[in-house]
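Hi there,

Here is the structure I promised to pass on. Have a look at it first, and my notes follow below.

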Amino acid sequence: MRRAAGLLLAVVLLVGLASVPDALATDGTKDGKGHSKSGVFVLGVDGMDPVVLQRLMDEGKMPNFAKLAASGSFQKLGTANPPQSPVAWSTFVTGLNPGGHGVYDFVHRDPKTYLPISSATIPEDPGSAVSLFGYYIPIGGKTPQNTRGGVPFWDPLMHAGVDVEVYRMPGNYPPPPSDAKVLSGMGTVDMRGGYGTYSWFTTFPVQGREHMKGDIRQVSLSDDDLDGKPDTVHATLKGPPDVFRMPPGHVPGDADYLTIPVTFRVDPEQDSVLIEAGESRALLRTGEWSDWLPVTFHPLPASMLPLEGIVRFYVRQLQPGLEIYASPVNISPANPAQDISTPSSFANELYALLGYYYTQGMPEDTNALKDRIFDDDDYKRQVALVQQDTTAMLDLALTRFEPGDVTFMYLSDIDLQCHMLWRLGDPKNPDAPPHPARAADEHAVAAHGEDIEGYYRHVDQLLGGVVERVPEGTVVVVMSDHGFQPYTRKVNLNAWLRDNGYLVLKDGKQTGKITTGDVDWSKTRAYGLGFNALYLNQRGREAQGIVDPAAADALLQEIGAKLEAWRDGDVKVVRRAFVGRKIYSGPRAAEAPDMVVGYDKGYGCSDESTLGEISGTVIEDNLSRWSGNHLMDPEVVPGVLLTNRKLPRTGYALPDVTATLLAHYGVPLPDGMEGKDVFAP
């Protein structure tokens, strides 16, 4: 049953036994293992910046962090190259550089097609199918696998008898087999198989809907009870792809998704609406959010394979017109249609203790804010729901933590909020000039200009609870994968390559897309796909490659020198251009980009260039609400490392934290792991 449900989500994703932990001995050590009496509790705070943290500590706004730093240590932590979240967290999980674990960017490329592909999964052949009564019954085929190589730190710890629990680990979906209790985080899909598609039901016309990331539904009110008052909306909510109605390998279009009926019954006198979603009901007033509502989709007759999801509704407006938001339909942790944890029962175990919770990997709905479906007030309310989930899960993790255990808890409080709210106030340099995107939201500055500081303070409160509740002697580690910088100017790398003669479009065009066949590969020597990646059109590797492998080094040296000399007025655009083979090592180094473009602070690759678009403009102001960034040279966005023990040196990086977890229990480092114990003299 679970395999069939897994195949359902697999269509969209195509674009060593551990010992049972020994009982704790009465003295707190692991019986027969000789382990330390102390456990390790790690808070992984995505995007926490050392400069912002230091300023807030100095101003007395982060008392728990200040206390931890004073009693132990606080320093910068070297990040991955490039400092992208899936790259950095994969580096932490395995202790390997990207040449070992194989994750180089959010977006990879297929050299056979020049098309962008996901960095998270290795797609599998969907197999064949038998056509029967209008349905395609899958035969064979496999669900996608996690692309990350290497050994995650929790496996050797489990093999050594250490109890390990990991909550919302980024880059761990699909979850590789393990006996450790690991809940997958960033990268975990919604029921549609993507990374978060909201639905927007409105009676108003929506301009530019074709460019939005949500499912935009313009609806109308009907008078079902014939009382002369139109007060009812009938619509549908999309769920998983209807794969049993599609041949294997078919990429679903707009009409290829399972749906459930959704009805909104408006009571204008009470300013309320009764929402009916499948079998679930919620009565809401304007400005209110529903609890999680369970919804079930039926791909086969007679409810043979029910697929369970959960959804939340938010009533933005009922008068004079209707505006209702539905969250992406999350995989239900009560009965996941796709494994989202190891063992698969861990997600259910957490549901039994917590109730429903966000399972989508990036739960804050940044798309709704970017699309201006949400304003900053709406976004803050939705983030508060995520914080409630996180706080409850952290409380549970602390309740379950015992001496000798290892627990990792991921916090998303800071990263996505820095991405979205930097335009309203620069927490790194409060006296910085206004962000280019601020003008469009100037009215929100007074209400939300210090929101990022508020999210830092929330993490400080959570840290205070951790330090207070962990058993005496526990090693407490707070780390982040990278820091942050403003993102004020967006760069179209492919346009720069065009202007410098490295990328040529067909028929003399100046604009186009790699994905739609506009590039003349017979004349193109280099192209960009991904946020920091540049590839040569190399003969024998790319489908239509022309660059002689013997000439590759000289060409990369030439391109790198020009990139590092590039100026936007008097300001440097690219701080450093890294040749992939010089910075990566390991069994998967051959998969690396030929060059990693390390943008200087303030600059970043545009979304359009990342997906292979060649625009007319090379550099322009970033007017998007996505206004803070870290996809830059790693030296300008280091992370943080804090411990409740003194550190003998400085200059640590992500793999060192990984090595420390193993060294604490005397567990040998797996082959290729680069780190060293941060506590070793």
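A salt bridge here is a side-chain nitrogen of Lys or Arg within 4 Å of a carboxyl oxygen of Asp or Glu. By that definition the structure, which is a predicted model, holds 40 salt bridges.

Three of them caught my eye. Lys61 and Glu453 meet through their side chains at 3.1 Å, N to O. This pair links distant parts of the chain, 392 residues apart: Lys61 sits in the loop between helices H2 and H3, and Glu453 in helix H12. Lys61 is partly exposed, at 29% relative accessible area, while Glu453 is buried, at 9%. Salt bridges with shared partners also join Lys61 and Glu453 with Arg55, Glu59 and Arg457 into one network.

Arg423 and Asp376 form a salt bridge at 2.5 Å, N to O, and both residues are buried.

In the third, the closest N and O atoms of Arg541 and Asp594 are 2.6 Å apart. Arg541 lies in the loop between strand E28 and helix H14, and Asp594 in the loop between helix H15 and strand E32, so this salt bridge ties together parts 53 residues apart in sequence.

There is also a sheet to look at. Its 4 strands run in the order E12-E11-E20-E19, as an open sheet with mixed pairing. E12 and E19 each have a single partner strand, so one side of each is left without a neighbour in the sheet. E19 pairs with E20 in the antiparallel sense over 4 bridges, and Tyr314 stands opposite Tyr325 in E20.

Happy browsing, and best wishes!

Notes: Residues are numbered from 1 along each chain as its sequence is written. This is a predicted model: local features need pLDDT of at least 70, side-chain atom pairs count only at pLDDT 80 or more; totals for chains, interfaces and linings use all residues. Side-chain values use heavy atoms; hydrogens and water are left out. Two strands pair if DSSP finds at least two bridges between them. Helices (H or I, at least four residues) and strands (E, at least two) are DSSP runs, numbered from the N terminus. Buried means under 20% relative accessible area, exposed over 50%, partly exposed in between (1.4 Å probe, protein chains only).
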